[in-house]
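Q: Could you take me through the reasoning behind some of the descriptive terms applied to this structure, setting each value against its cut-off?

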There are 2 protein chains.
Amino acid sequence: MLPRGRPRALGAAALLLVLILIGFFLFGGDLECERREQGGPGSFRCSLTPRVPPDGDLPADHGGCNRSDCVPLRPLPPKCELLHVAMVCAGHNTSRDVITLVKSMLFFRKNPLHLHLVTDAVARNILETLFHTWMVPAVRVSFYDAEELKPQVSWIPNKHYSGLYGLMKLVLPGALPPALARVIVLDTDVTFASDIAELWALFAYFSDEQVIGLVENQSDWYLGNLWRNHRPWPALGRGFNTGVILLRLDRLRQAGWEQMWKLTATQELLTLPATSLADQVWGSLLGGGGQAQGQGEMAVSAQDIFNAIIKRHPGLVLPLPCIWNVQLSDHTLAERCYSEAADLKVIHWNSPKKLRVKNKHVEFFRNLHLTFLEYNGNLLRRELFGCPSPPPPEAEQLQRALAHLSEEDTCLEFRQQQLTVHRVHITFLPHEPPPPRPHDVTLVAQLSMDRLQMLEALCRHWPGPMSLALYLTDAEAQQFLHFVEASAVLSARQDVAYHVVYREGSLYPINQLRNVAMAQALTPYVFLSDIDLLPSYSLYDYLRASIEQLELGSGRKAALVVPAFETLHYHFTFPNSKAELLALLDAGSLYTFRSHEWPQGYAPTDYARWREAQAPYRVQWAADYEPYVVVPRDCPRYDPRFVGFGWNKVAHIVELDAQEYELLVLPEAFTIHLPHTPSPDISRFRSRPTYRDCLQILKDEFHQDLSRHYGAAALKYLTALQQPEAPQG
Amino acid sequence: MLPRGRPRALGAAALLLVLILIGFFLFGGDLECERREQGGPGSFRCSLTPRVPPDGDLPADHGGCNRSDCVPLRPLPPKCELLHVAMVCAGHNTSRDVITLVKSMLFFRKNPLHLHLVTDAVARNILETLFHTWMVPAVRVSFYDAEELKPQVSWIPNKHYSGLYGLMKLVLPGALPPALARVIVLDTDVTFASDIAELWALFAYFSDEQVIGLVENQSDWYLGNLWRNHRPWPALGRGFNTGVILLRLDRLRQAGWEQMWKLTATQELLTLPATSLADQVWGSLLGGGGQAQGQGEMAVSAQDIFNAIIKRHPGLVLPLPCIWNVQLSDHTLAERCYSEAADLKVIHWNSPKKLRVKNKHVEFFRNLHLTFLEYNGNLLRRELFGCPSPPPPEAEQLQRALAHLSEEDTCLEFRQQQLTVHRVHITFLPHEPPPPRPHDVTLVAQLSMDRLQMLEALCRHWPGPMSLALYLTDAEAQQFLHFVEASAVLSARQDVAYHVVYREGSLYPINQLRNVAMAQALTPYVFLSDIDLLPSYSLYDYLRASIEQLELGSGRKAALVVPAFETLHYHFTFPNSKAELLALLDAGSLYTFRSHEWPQGYAPTDYARWREAQAPYRVQWAADYEPYVVVPRDCPRYDPRFVGFGWNKVAHIVELDAQEYELLVLPEAFTIHLPHTPSPDISRFRSRPTYRDCLQILKDEFHQDLSRHYGAAALKYLTALQQPEAPQG
């Protein structure tokens with residue numbers, strides 16, 4: 001029945017309901033507080049009753065309730081309040097973790113967020129590119145240089161350089177902007193299963209004295225006496241876990257936090273000098289003190305210092321409900337928390353074993369984590385309702401450009417694909433940049449999942465640096481990760497940079513991928529190859545020698561052509577020399593590349609001359625020429641309008657010629673194309689007339705742009721093309 | 001600070017918190033109730049105040065609250081209470097929708113669920129297989145035959161047969177088990193964004209009189225007067241939407257529901273005979289009455305009848321908060337609901353345009369929906385905490401079998417893969433079973449994403465029925481769907497059945513896939529092929545003629561061998577006859593299949609004899625023989641222990657020979673293998689010694705089982721194999 005004409009009753013009911021909601025968000029689910037003696041086997045629950053006087057009455061400002069069926073009034077964060085989150089992130093692997101954490105946070109969030117990321121150079125590079133291309137509305141990201149903070153914590157003994165990053169949580173009150181009063185601090189190994197606003201709402205529970213909100217440890221580590229002479233750092237009972245922290249930055253600054261923690265740490269280090277390495281390793285496994293550092297080396301952790309401070313000043317801490325930091329270490333006591341909770345809010349993978357931790361419910365938690373590992377991050381580009389959450393300026397520009405496209409345009413699909421800003425995760429796996437060498441060359445290529453099996457062979461053929469763009473979904477990126485881990489050949493290579501470009505749209509954005517890989521190459525020269533081609537074993541050395549010999553470094557503008565061949569056999573013995581190659585060619589086991597379907601693509605290389613050549617020779621550009629070349633890293637980009645199949649390399653060679661690069665064929669260089677199944681884009685090209693029509697339109701537009709840019713000099717490209725078209729790629 | 005020694009205070013606080021929680025789950029977020037006059041432009045909110053007297057006081061049994069800052073006591077569904085959900089589902093497309101809906105429901109649920117599915121034969125077949133293989137703990141599924149319910153609704157005028165399914169919501173009180181008192185009824189086009197227990201909890205709000213809980217319509221359809229002579233069915237104001245219904249089945253049965261709705265429908269049909277087709281089409285677009293039926297044909301909907309009943313008996317309905325059914329039709333008024341809500345609970349795609357509906361926030365909703373479309377359903381196989389939720393018996397058996405495996409076993413990965421029960425979605429796309437014909441043959445094959453481009457060619461070569469198993473992730477299954485929709489060739493074929501087997505594990509379960517495809521073939525014979533082979537254009541007709549001629553139907557046990565050839569060229573003109581094929585063979589453009597790498601696999605076919613043969617000829621089994629054959633559908637299954645690459649077809653031919661199938665080579669039949677990139681499994685086979693070792697172990701075990709089963713007759717297979725091994729597949 002629809003209630004009408006009872007506004008007063010409804011108003012009262014409405015108010016009532018708002019109160020309920022508020023109450024729920026504040027308390028979050030499991031707030032009973034009970035704690036047995038240290039180390040006892042009893043019930044383990046988390047406490048949250050900071051201001052409740054012993055008799056159970058709440059003060060008047062909590063709503064004036066004095067009955068057991070009433071709820072105190074407490075503010076939820078206003079609907080569109082900006083929530084601040086801080087994380088410390090260093091290195092390639094931790095950057096991947098942070099992204100998964102952020103995905104889980106964004107999935108459930110309903111508020112604008114400001115992420116404060118303390119990063120090393122590697123993480124900053126990765127995350128800056130990622131967030132820039134992700135374009136999530138209502139997310140702001142600020143970076144803070146971990147290098148600058150190091151001196152403040154580097155005096156604390158650490159077995160390993162990277163241990164310093166963990167300690168940086170201690171210096172956040174000074175590092176974050178002075179105007180920032182409150183922040184949630186997260187370890188990178190947590191996963192959200194709920195809206196972070198519910199966590200933020202717990203700030204309302206801080207008493208005037210309290211400055212830090214923490215969940216109790218769900219391990220017995222800090223209780224001590226796990227074995228003879230087990231002497232952990234001092235803590236209140238089981239101590240607190242610092243994977244999830246609510247920090248009142250304003251009060252910490254007022255209270256002289258910097259002095260406080262430095263004094264505590266210094267004093268404890270003096271009285272507890274003998275904390276053994278072994279102890280800390282164990283502590284880490286048990287989810288207690290210590291901190292995983294590379295190969296199991298441990299050190300004093302921020303958690304140790306936080307706990308030592310709290311032991312001295314117990315009034316500083318607001319204990320949080322355990323469901324906000326469910327700790328999944330090997331011997332975790334977390335089950336006492338989650339088995340009674342209706343709900344879990346944050347999962348913390350605080351064992352060095354991470355997802356391989358032994359725990360009878362780990363499957364459940366792992367599935368939650370995998371959900372976000374595999375989650376399509378593009379789906380998180382959604383606006384917030386009712387909050388003014390303008391998209392980033394780039395996103396708005398993009399929206400306008402897309403809105404400009406005509407639904408009638410033959411090339412609509414192509415133009416949409418060209419405009420798409422793909423989320424990019426550069427150096428997805430650990431990567432050592434090559435040492436600076438003046439003639440060094442990076443192999444540049446792009447691939448999708450169906451070409452992964454080429455990687456090992458490529459590594460065997462090219463011992464130098466590579467920059468590869470991979471076009472993957474989030475789930476495929478995880479499969480790729482496992483693929484590399486399972487391969488001894490790939491795992492051994494630190495000089496191969498893998499850049500994941502996340503899939504979006506129906507056409508393969510081949511030139512955008514090439515540009516990503518090229519932009520990330522760190523050597524002065526790049527070898528622009530394709531994933532199906534295997535270079536001769538000596539090519540890397542030979543190219544570097546040639547670059548030096550030809551004095552390309554001294555301003556000579558040249559593209560070195562690497563002649564391409566192809567085999568039609570999967571089982572194929574790769575020639576060890578030019579002589580062997582020529583023998584195979586004569587025997588009909590090899591062909592010059594695409595000599596049947598697309599001769600004009602490679603014929604200008606002049607294979608007959610190459611057979612005999614002893615020195616590099618110059619060739620002239622001709623229509624549709626698309627050789628594989630070595631060029632300086634700062635050469636023109638590929639034209640991103642060519643997506644899918646067709647003319648993508650050709651346009652780049654035209655551009656090189658227009659910019660007056662000499663085309664020099666190297667007499668000892670060669671690369672061989674292996675057979676593969678036609679890509680879906682090739683099948684489309686063959687089956688759809690509009691695909692060809694559109695390619696023609698794009699080529700025309702390319703030539704118009706060329707004329708605009710190079711004037712009369714570009715005329716030759718147009719006249720050269722007054723010939724019938726043949727399929728190519 | 002940890003509170004100790006204050007148990008009383010804590011107890012009181014605890015009770016208080018429980019109350020808050022209860023309150024939250026009951027109210028859910030947006031419960032304000034206000035409603036302007038019909039058709040007015042004002043605020044649109046949903047009402048939920050059934051038992052609040054005008055003065056705003058709640059009765060004593062609600063907790064005795066009488067102040068605006070108090071919460072009434074209301075029970076949440078007990079933690080492990082079984083929740084019942086009913087849906088009507090018919091056909092292939094709706095089955096896919098239901099699965100996405102169920103995924104969203106399972107993602108957020110924390111209670112055991114019992115799904116009551118009213119299905120036609122197609123949906124039952126699909127969903128029974130799916131749930132059986134999904135093995136989600138704490139989910140029970142019951143099926144009800146829609147055929148049996150049809151007579152109860154078939155008297156209501158319907159332009160189209162399928163309109164009857166929508167009406168079946170009306171007969172649920174009689175169709176569901178008499179002991180079932182309460183059920184949530186859902187349309188198949190809704191997506192959950194929250195825990196269904198919160199919806200279930202609203203049952204506690206029913207007054208003694210109320211029997212149906214519904215959300216108001218978020219369109220002006222039922223207000224009438226949208227145009228001249230617009231006469232919708234009668235409704236209270238905007239009427240209610242029946243996409244989400246809470247039904248008190250017990251009370252409906254008591255109240256004589258069947259008589260009530262039949263009487264109402266009959267009377268309204270008499271007084272409103274002229275409801276035009278056009279009106280109903282519009283009504284559907286506007287999210288009002290009517291119901292999409294195939295090609296836009298409309299009819300009287302269950303929603304019309306529910307609303308007519310409610311108009312007569314307004315006391316029967318409990319209006320639910322609008323967030324429980326956010327209706328996304330073209331001119332939806334839903335924004336008035338969701339723009340003020342903190343949260344959305346259920347999204348309803350109640351436009352025939354579904355995800356292509358025009359709505360300024362559709363991107364947001366679409367992303368939520370895509371989340372579950374693409375979500376890896378395997379991750380939902382998670383137990384409930386704290387609820388006794390034993391997995392299905394098959395799952396327990398599987399757990400035991402997996403637990404039996406030794407971590408040291410060389411073949412651990414193979415055995416895990418073999419034991420894996422893959423989630424299977426049969427007939428993923430609409431499919432017409434072939435008419436029963438005694439000599440008909442289904443082509444059986446399996447593939448993964450990287451072979452999709454073979455499908456069109458295969459359709460051109462094989463005009464008969466096909467049963468194809470596709471090994472995909474959930475996200476890939478969506479890509480596959482789009483691939484088929486974009487292809488005119490594939491869309492035109494209703495006789496190709498696609499069975500999705502969801503990916504799990506690291507090895508390609510080739511024989512499990514073949515078995516799925518074979519089990520789903522509906523003709524008496526199957527042609528066991530592979531996806532990379534294209535049959536001769538006439539093969540389908542020729543095979544049927546041969547089967548008839550050879551009188552296979554009359555008990556003759558034979559496998560018809562289709563000789564296989566291969567080409568190494570992507571660009572390849574397929575021979576139109578045996579003569580053309582032989583010419584290509586002589587010209588060296590074609591080879592007999594695998595003659596170089598694995599001659600023993602096909603040599604026993606005796607290609608020399610085949611050249612000259614005019615009639616079928618018998619050949620003898622020999623070691624490693626693995627021809628492509630046509631066999632009766634009830635022939636032995638493939639051995640699922642062979643996963644990945646190697647010996648998977650060989651073992652099947654051994655099994656056929658052991659069961660005394662004649663091997664008859666057909667003189668005019670041929671099939672040609674096209675080149676493709678080596679699969680990751682082949683690459684692994686080549687690169688890993690353990691892969692080969694393990695394959696040898698599996699072969700030995702296969703032979704042991706063969707001896708056990710066939711006794712001395714199986715000896716010949718062992719002796720035949722006393723030769724060195726070569727790679728094969």
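A: In this predicted model, a good place to begin is a helix pair in chain A, where the axes of α23(A) (residues 648-658) and α25(A) (residues 689-710) come within 12 Å and cross at roughly 15°.

Q: Why is α23(A) called roughly parallel to α25(A)?
A: Angles under 35 degrees between N-to-C directions count as roughly parallel, and the axes of these two helices cross at roughly 15°, so α23(A) is roughly parallel to α25(A). The crossing of the pair is, in addition, right-handed.

Q: Which residues make the contact, and what is its make-up by class?
A: From α23(A) come A:A651, A:V654, A:E655 and A:A658, and from α25(A) come A:F702, A:L706 and A:Y710. By class, the contact of α23(A) with α25(A) has six nonpolar residues, no polar ones and one charged residue; Glu counts as charged, so the charged one is A:E655.

Q: What makes helix α16 of chain B largely enclosed by the rest of the structure?
A: Buried means under 20% relative accessible area, and six of the eight residues of α16(B) (residues 454-461) are buried, so the helix is largely enclosed. The buried residues are B:M454, B:L455, B:E456, B:L458, B:C459 and B:H461, and they pack against β12 (441-448), β13 (466-472), α17 (474-486), α18 (488-491), β14 (496-502) and β16 (533-535) of chain B.

Q: How many of the residues in chain A are buried, as a percentage?
A: With the cut-off of under 20% relative accessible area, buried residues make up 63% of the 729 residues in chain A, a chain that holds 26 helices and 23 strands.

Conventions:
Residues are numbered from 1 along each chain as its sequence is written. Chains are lettered from A and ligands numbered from 1 in the order in which they are written. This is a predicted model: local features need pLDDT of at least 70, side-chain atom pairs count only at pLDDT 80 or more; totals for chains, interfaces and linings use all residues. Side-chain values use heavy atoms; hydrogens and water are left out. Buried means under 20% relative accessible area, exposed over 50%, partly exposed in between (1.4 Å probe, protein chains only). Helices (H or I, at least four residues) and strands (E, at least two) are DSSP runs, numbered from the N terminus. Contact means heavy atoms within 4.5 Å. Axes are lines fitted to C-alpha atoms, for helices over the stretch in contact, and angles run from 0 to 180 degrees between N-to-C directions. Angles under 35 degrees count as roughly parallel, over 145 as roughly antiparallel, 65 to 115 as roughly perpendicular and the rest as oblique. A crossing is left-handed if the near helix is turned anticlockwise from the far one by less than a right angle, and right-handed if clockwise.
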